[in-house]
Amino acid sequence: APPFFRLYLMIPNNQPARMIWGTLAAQQMSRIGIDVVSSFVPFTVISPRRSRGDGKPHAEGGWDAYLERYYYNAIQPTPNSLFHSRLAPPSGQNFYYVNDAQIDDALDRIGNTIDPAGRQAAYRDFAKRWYDTEPMTILFYPKDVIAVNPKLKGFDTTTFNPVFFPNPESWTIEGAGNDATAAFASWAPPMSLIPMYSNGYSDSNIFGPVYNRLYEYESWENKRLQPGLALSHTMSDDGKRWVITLRPNVRWHSGEEFTAEDVKFTWDTILNKAYGAPISATAEQVLGSTESYRVTGKYEITVELPKYDMLFLDWLLGAQAIIPKHAYERIPPASMRGHVASTWNGRYQVPISGGRNYTALGGVGTGPWIAQGYDPQRRAYKFVRNENYWKPHTGNVKTFYVVNIQGTDSVLSALRSGAIDAHDPMYDIGPLAETIEPSWGKVQTFDSFKWQHICYNLRHPVFGTGVDTPLGRQDPARAAEAAAYIRKAISHAMPREQIVKEIAGGYGEQGTVPLPFTSEQYDHDLLKPIEYDLAKSREYLERAGYRY
Amino acid sequence: MGTARYIARRLIFSLCLIIGVSIILFTMINAIGNPIEVLLAERPGITEEMIQAVTEYYGLHGSVTDRYFTWIWALLRLDFGTSIIYNLPVSEMLVTYGLETLKIQVPAILIALCVSVLISVLAATRQYSRVDFGVIAGAMVGHSLPGFLLGIILILVFSYTLGILPSYGAYSTRNPLWGSDMADALWHMVLPVGMLVFFNCATLTLLLRSSLVDVLRQDFITAARASGLPERRVVFGHALRNAFIPVLTYLGILFGLMLGTAPVTETVFTWPGLGALYIMAIQQLDYPLIMGATMVITVMLVTATLLTDIAYVAIDPRIRLG
Amino acid sequence: MSALLEVDGLSKHYPVFERRLFRAAKQSEIRAVDGVSFTVNEGETLGLVGESGCGKTTTARSILNLVTPSDGAVRFRGEDIVPVFKGSDRARMLEIRRSLQYVFQDPWLSLNPRWTIGETLKEPLRVHRPEAPESWDARVAELLQMVGLEPHHAWRYPHEFSGGQRQRVGIARALAIEPKLLILDEPVSSLDVSVRAQILNLLVELQDRLGLAYLYISHDLSSVRYISTHVAVMYLGKLVEIGPVDDIFTRPRHHYTRALLSAIPVPSPGEAQDRVVLKGEVPSAMRRPAGCPFHPRCAAALPVCATDEPMLMQPSAPHRAACHNPA
Amino acid sequence: MSDAILAPTAAPPRAPGIWRQSWYRFRRNRAGMIGLCIVTLVVLLAILAPFIAPYVPDDTSAMLRGAARRPPSALHWLGTDRNGYDVFTRTLYGARTALMVGLGAMLIASVIGVLIGGIAGFSGGLVDELLMRFAEFFMVIPVFVVILAVVRLFGIVVVGTWMEDIPNLNMMTIIVLLGCFEWPPIARMARAEFLRLRGAEFVEAAHCIGSSRRDILLRHILPNAMPPLIVLVALGIGGAILAETMVSFLGFGDPKAVSWGQSLFFNYEALKVAPWAVLSPGAALFVTVLGFNLLADGLTDAFNPRLRQ
Amino acid sequence: MLSTLASASSPVTAAPPAPLLEVRDLRVHFFVREGVVRAVDGVDFRVNPGETLGIVGESGSGKTVSSMSIMRLVPPPARNVGGQILFEGEDLLAKTPDEMEALRGRRIAMIFQNPATSLNPIYSIGAQLGEILRWHLKLSRAEADARVVELLTLVGISDPATRLRQFPHELSGGMKQRVGIARALLCNPSLVLADEPTTALDVTIQAQILELLADLQARLKMSMVLVTHDMGVVARMAHRITVMYAGRVCESADAATIFNAPQHPYTRALLESMPRIDQSYTGTKRQPLPTIAGRPPNLLNPPPGCRFHDRCPEASAECRRLLPLETTIAPGHSVSCLKRGSEGIAA
Ligand SMILES: Nc1ncnc2c1ncn2[C@@H]1O[C@H](COP(=O)(O)OP(=O)(O)OP(=O)(O)O)[C@@H](O)[C@H]1O
Ligand SMILES: Nc1ncnc2c1ncn2[C@@H]1O[C@H](COP(=O)(O)OP(=O)(O)OP(=O)(O)O)[C@@H](O)[C@H]1O
Ligand SMILES: [Mg+2]
Ligand SMILES: [Mg+2]
């Protein structure tokens, strides 16, 4: 029988395990009558296709479907920053064109409800609608598996952009005296080391240790916010007016003092389109404009939000690093990405008070670590302990490296040879965890806030809008319903249990909706695992009007 | 005189080759579309001015021919542009990574050369003996064993099972071997160089042995023996140098081959060289880097060919110059 | 006796290129053959002798148009065949090829190693079609017998034969289309002494039987003496002496011919010989001396020899030498 | 006039032809025979793969059964790999891809090479000079690097065009590229042979007889130029197979192709956990390349008759 | 230049002096896959001091192998399987490789057939010749150069100091052969082996080289073995001649005897089958030349009996069965032919 329709599935080629389940997914789809054209491509092929913003299918230069690992930019799940129909590209990050009135409504409530119980209900509504229509096929929630040097103590966090990152200030390497050297492996080379340009942990692994945020998370375990560069804040009852008191006597690595002007500068640059920060749109949604905040004291800044948004605290205050005005304000917007502050390759002079200059080898921050630049031969970014950090270091690490190592094998042999102490979770060492011997590697697992999914272009006439399905053609009013049937058919064809067990090495949970499995917002009663059942798949396709 | 003109001719021809490759390369890259799209695609909300600035920066405005000449002109000033991914001057990256590549390739060729000379002499002077047969068989196996498979096996044995050699990178990030950076670098070179040596050695030995066998049959070798020269001088002084002439071409090719397959070698050993850089650049569509790396690899190859040609002149007085 | 082949002022010049930086520039030329004239009459044999590189082969190849002559005429039965070869009239060209055949020096190289002898011998029949294909096999057998081989040899490959036998095949191939003139380029030089005689005998016998004319090229003077009726001596692309065989061998007039004759060791020990041993090397055709090309090596050279080039004297005389001071 | 040693009256049986002679010589070459056996075996296995293989090549049922990355067992003779494929089946089918790549690439290369080399050698002069410079040009281009780039970029270009419907497009691209870059050695050899044969006495003899140019080219020169070219082609097949494997190993191969390189690519990471999934295709690759190299070695000897002895 | 024949003062009449070189029953076989090629199968000859021995025979008769085995330089797969080579009374075959090395080039030297291939193309003339001198005579570089110049002058090379720095390809064929001769004479050897030294050269150059060789041989009082297939050359150069056929000696005698009173049918046929340059063939109808029918036997599997029997007009049943041994029929003249009184052995 001829296939029902053709679907182009792009599988990012940077993660062998994903390539494997991607291939499996494609095979399963063809088993239920879809003509799948799968290809392995680097993410750089996917991104321009999806960010064209015109919703064209693959054959017309857009895209149909691809595999992705995703997570929210804050620890509180913020689906409202991704899936609202308002956030369609090019200005937003709803690349998938999720466009559903019920979902929009739930997302708005998530963002703007101050009351925790009301917000919880909104999360539930979001999850329910998602579970029913499955705009994407969430395959599973991977666990982060990280092997560390057994002598390393104090590594109790996984990296999570950009909130958690290797925080070597709390590491202790046993038997290494008081000035130990530690090294951390990061998979991909960074794109830019200016925080607002960050693309993920490939960047934040490196710039993270140098900068601070206004609020920081206490630990991965409790995920509670605690003051960072801010000491405290007050919020009006309607959640719109905030007064933030900053920590005094904090010094930048250059020796200059940290003040409210730096916070303002940071927000200004994020909002300034000339800098081209990808988070600009989200920041605009939260802050409105540069008018909404004022410096009201050397250590105080007052903010008037257009309306309450949970992202303000959880994302803008808690996840966006503050950059130094005195060091970066002279860099023209267009060359910010190419500047040494962004590449850490080379040195530049930062004018400081007293008419002197500070020679910077990388980013200038207030953080526990001072950037020492990039060593291309070792492929490593070097850091030294910031002895004047406002919070004492609790570990014994004095010199720290972030090394660029590609490949699971390589990272494990690096760990084995003692070249590194830990690595980021990109490596997916789960399937290889059994090969790690306790003498050289301790396997640590963390519940992660990510999910692996197949995402669809929801403007695709078949599985997106459904207008080109038999049912949709017959009855245009039921087109969306038909598209949902198709997506559910695909979803039921995915052997999630096997994918987790056989490919991810058992480190993960079966996926349902884009909410972290271990988060408070995940409703375990509602969200039962989606069973692998080809008969059901076929049934759904038949409901969409296809005949076997 | 002749030699100078000959070299000048070769130089000019090499230059033409390089220009030809650059045109092909440029056409290929441009067939894909304007790189700016890829470059800026992931930056939502970007302004016109910024596009303009970046366009300016990468010299991407104007017609295709304009861009080609802009590019060539930049190349001539050794300005390869800026890597999109790393945000670094490409020329700088090529030098750092190129040196790492040469660091394993050149010693590998030299060692392989010495070893294969010894082995081939051993075999060729005992033609049809068991030693000879063993050498041929070994060389044949080595010649057929793909380098990267060998690399994988070496890693499996020496890094995984025995755990005595590092399998990744060119340096320890910290705690260098015996506290010496030098020792540490050599330590890391053992496996990749070992693999390349084995691989080259096999092919070189095959060639050198058969060339040597041929030369040893020649009249002038018999004449040298008949003049009472000791066997060692006959073999090393008279036969070997002649036997090298046909092998010389291969040495040039070998160099090209090694650069050409550097991506594989460097992937297997995670070596921070040009090959690995190239793979990365292709994966990420880092156009300036792709173009720069390809040009550098081509120039190196052309140089190797040129050097081979000149070496011919040095080793063989019969080469007709001019 | 009528003239079968007349060669008149035949020249072949090869340009010598020098490689410049960008292009090759013509620097000078090698006059491989320079104004050679001679006649071969029906049923006669003209021996063409001279040292290596003096242009014997080039003369033969120019006659056959294997290289295009630079100048001069080659008349076959009075008709100039150079334009015919240059022209596009293939039928006419084939007609001339039929009467004019070539036997090569090296019996090892002149047969296609991948063809059986039969195929090789059928090739001329296939091209010229003197008779119907059915009779080709019989003709091949006949040819093989004519040169002293067996019919079943048609099934063999060249490498299964000895040098003498291969040379016979080469002759048979040339004879397949019944030519009038055979050009033999050193047909016995690469053969062993004991085989040479067989081939020479065969040539003589064929000439007697078929009335062929030969242009016999060799530097083996004894075989030339045996087989030729006339001899032409070449030196550096020029004819220096020509005449009836006995005249040349007993009363050579050109000093080069004399030297050549005395350079041949005679197989009779103790026979005191007036030996002329030439000084110096054979000059290359590229750097030809001015005047008489032979004068730098000539013991009897006069001052005029260094400046004036001597011509072959007395156009009508049977024995002519190009020398200012003939012996 | 008769020749005493050729006296036998009855015609002896027909002597073996030149190809057969080569075969006799080849048969005595041990290395060549081993190579031939290996190559024959690989070809047979490739042809018979559907009948021998216990599974279809893209059967991932092992994964659904929860039996991926399992060591060899009665069910899966060489184990299963990370994808849940049966290693034995994949290795068998991989031979088809390998041969397709090797033969396809070398077919293209030989056609281009013989044409260009033949034209250069036969016409000589300026044409020769230009063509050989052209060939040299192709020799300095780093083939492997170009393949990576083209495969990668091609993947972007074809989307939405008719080319996309070509089955195994990536593989085809690799084959064509290999063919387009491997021809210079063949062209050089062909040119040398044509040049040598053009001046060969038996070719001149054909001229003398009056054979036409076409006859001379096709009936005299070409067959005689073949043997060294065949050797080159045999060598090239091994090289092409290797190149494809390396391209796949780097992740630029055809995702749908069942190729050894692809298996290596996917299982290399799991080398330590499931070495069988890497070693089987690796060994197959090695043996195949070795087979072609040995074959070429044997052919060199067979086609190099010291006819004069 | 006029010269007298070297053979004019042939030292035949005196009682045979102690030979410089005596080869007895030399056997060299090639062990090839198909079997054993008996390239040299029982060869005897001797060379007296100051004498030139010519060895003639058809292609493949074993001339080269015989002379190479005197040098102990037969290439594998050939092996010496028997016989003695007495040089100044000592058996060369019993010497160690080191002893042989000391002898080669110094006491016994060689001139090669093809001057183009017997010089190393990548070293200058001076370097190649000097190396030998420095090795054997332990001369300094300057001394060696002086000696090379001296020898190059001796062999008639003009401007030897320049030639010294030239490479073989810059010299003409005749010049290269002169260099080859100079190389052989470097250490004043007492025996020179020359394997077809002029075959590759032009007629007039050949005459020059032969002249030079005869002259040098007489002046330096050395012995020479001259291998050739040209009867004319031996007639001119050799005092004594050994005729070989299929790995065996047919006839040995002084030059005049071989040419004037040949005994062996093969020697006779060889002499007769050549047209004579000093004889006219015109006038009458040309008589066919006498020929030797057939081909030399295959040495891989030589027929029993006399190696020449199947081409020999005189052959009898005996000849097909018995291998003739060499017999002296007159002083200094030996033949291997049953019809000439040789003993035969069944082989
Ligand atoms: N194709 C060519 N290009 C340039 N020069 C050539 C060519 N063919 C022949 N010559 C030159 O022409 C001259 C005559 O050569 P040719 O072969 O006719 O001499 P030959 O008398 O036949 O010599 P041999 O006795 O060696 O056969 C030589 O100097 C040779 O170098
Ligand atoms: N490598 C070899 N393998 C087998 N047989 C060989 C080999 N070399 C020489 N022979 C045989 O040894 C015999 C003697 O060869 P040799 O070279 O001594 O002959 P020759 O008399 O010097 O001939 P020519 O006049 O051709 O130089 C020949 O019959 C030849 O077939
Ligand atoms: Mg000639
Ligand atoms: Mg010989």
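**Ligand 1 and two interfaces of chain E**

Let me begin at the ligand: an oxygen atom of ligand 1 lies 2.4 Å from a polar side-chain atom of Thr57(C). I should say at once that the model before you is predicted.

Two further side chains of chain C belong in this part of the account. In Glu186(C), a polar side-chain atom is placed 3.3 Å from an oxygen atom of ligand 1. For Tyr14(C), the partner is a nitrogen atom of ligand 1, at 3.4 Å from an N or O atom of the side chain. Considered alone, ligand 1 exposes 640 Å², and the protein buries 64% of that area.

Which elements supply two or more residues to the shell around ligand 1? They are strand S2 (24–41) and helix H1 (56–63), both of chain C. H1(C) makes the largest contribution to this shell, with three residues. In total, 13 residues surround the ligand, and the closest are Ser52(C), Gly53(C), Lys56(C), Thr57(C) and Thr58(C). Thr57(C), with which I opened, is thus one of the closest residues. Sorted by class, the shell comprises five nonpolar, five polar and three charged residues.

I turn now from the ligand to the interface of chain C with chain E. Here 48 residues of chain C meet 51 residues of chain E. Together the two chains bury about 4100 Å², and carbon and sulfur atoms account for 57% of it. How many salt bridges does the rule find across this interface? The count for chain C and chain E is zero. Polar contacts, however, are present: nine residue pairs are found, with both residues at pLDDT 80 or more.

On the side of chain C that touches chain E, four helices give two or more residues each: H7 (193–210), H8 (221–227), H9 (245–250) and H10 (255–263). The largest share, nine residues, is that of H7(C). As to composition, this side of chain C holds 22 nonpolar, 14 polar and 12 charged residues.

The remaining interface is that of chain E with chain B. The contact involves 24 residues from chain E and 21 from chain B. About 2100 Å² is buried between these chains, with 62% given by carbon and sulfur atoms. Which residues of chain E lose the most area to chain B? They are Ile122(E), Glu131(E) and Trp135(E), which together make up 28% of what that side buries.

Glu131(E) deserves a second mention, since this residue also forms a salt bridge with Arg233(B). The closest N and O atoms of that pair are 3.2 Å apart. The rule finds one salt bridge across the interface of chain E and chain B. In addition, 11 residue pairs are in polar contact there, both residues being at pLDDT 80 or more.

With regard to secondary structure, strand S6 (108–111) and helix H3 (125–137) of chain E are the elements that give two or more residues to the side touching chain B. Of that side, H3(E) provides the largest share, four residues. The residues of chain E at this interface comprise 13 nonpolar, seven polar and four charged.

To close, I would place the two interfaces side by side. Chain E buries about 2100 Å² with chain B, and about 4100 Å² with chain C. The rule finds one salt bridge between chain E and chain B, and zero between chain C and chain E. Thank you for your attention.

Definitions and conventions. Residues are numbered from 1 along each chain as its sequence is written. Chains are lettered from A and ligands numbered from 1 in the order in which they are written. This is a predicted model: local features need pLDDT of at least 70, side-chain atom pairs count only at pLDDT 80 or more; totals for chains, interfaces and linings use all residues. Side-chain values use heavy atoms; hydrogens and water are left out. Contact means heavy atoms within 4.5 Å. Buried area is the accessible area (1.4 Å probe) that two parts lose on being put together, summed over both. A salt bridge is a side-chain nitrogen of Lys or Arg within 4 Å of a carboxyl oxygen of Asp or Glu. A polar contact is a pair of N or O atoms within 3.5 Å; within protein, one must be able to donate a hydrogen and the other to accept it, and residues adjacent in sequence count only if both atoms are side-chain atoms. Ala, Val, Leu, Ile, Met, Phe, Trp, Tyr, Cys and Pro count as nonpolar, Asp, Glu, Lys and Arg as charged, and the others, Gly among them, as polar. A residue is near a molecule or strand if one of its heavy atoms lies within 4 Å of it. Accessible areas come from the Shrake-Rupley method with a 1.4 Å probe; for residues, only the protein chains shown count as cover.
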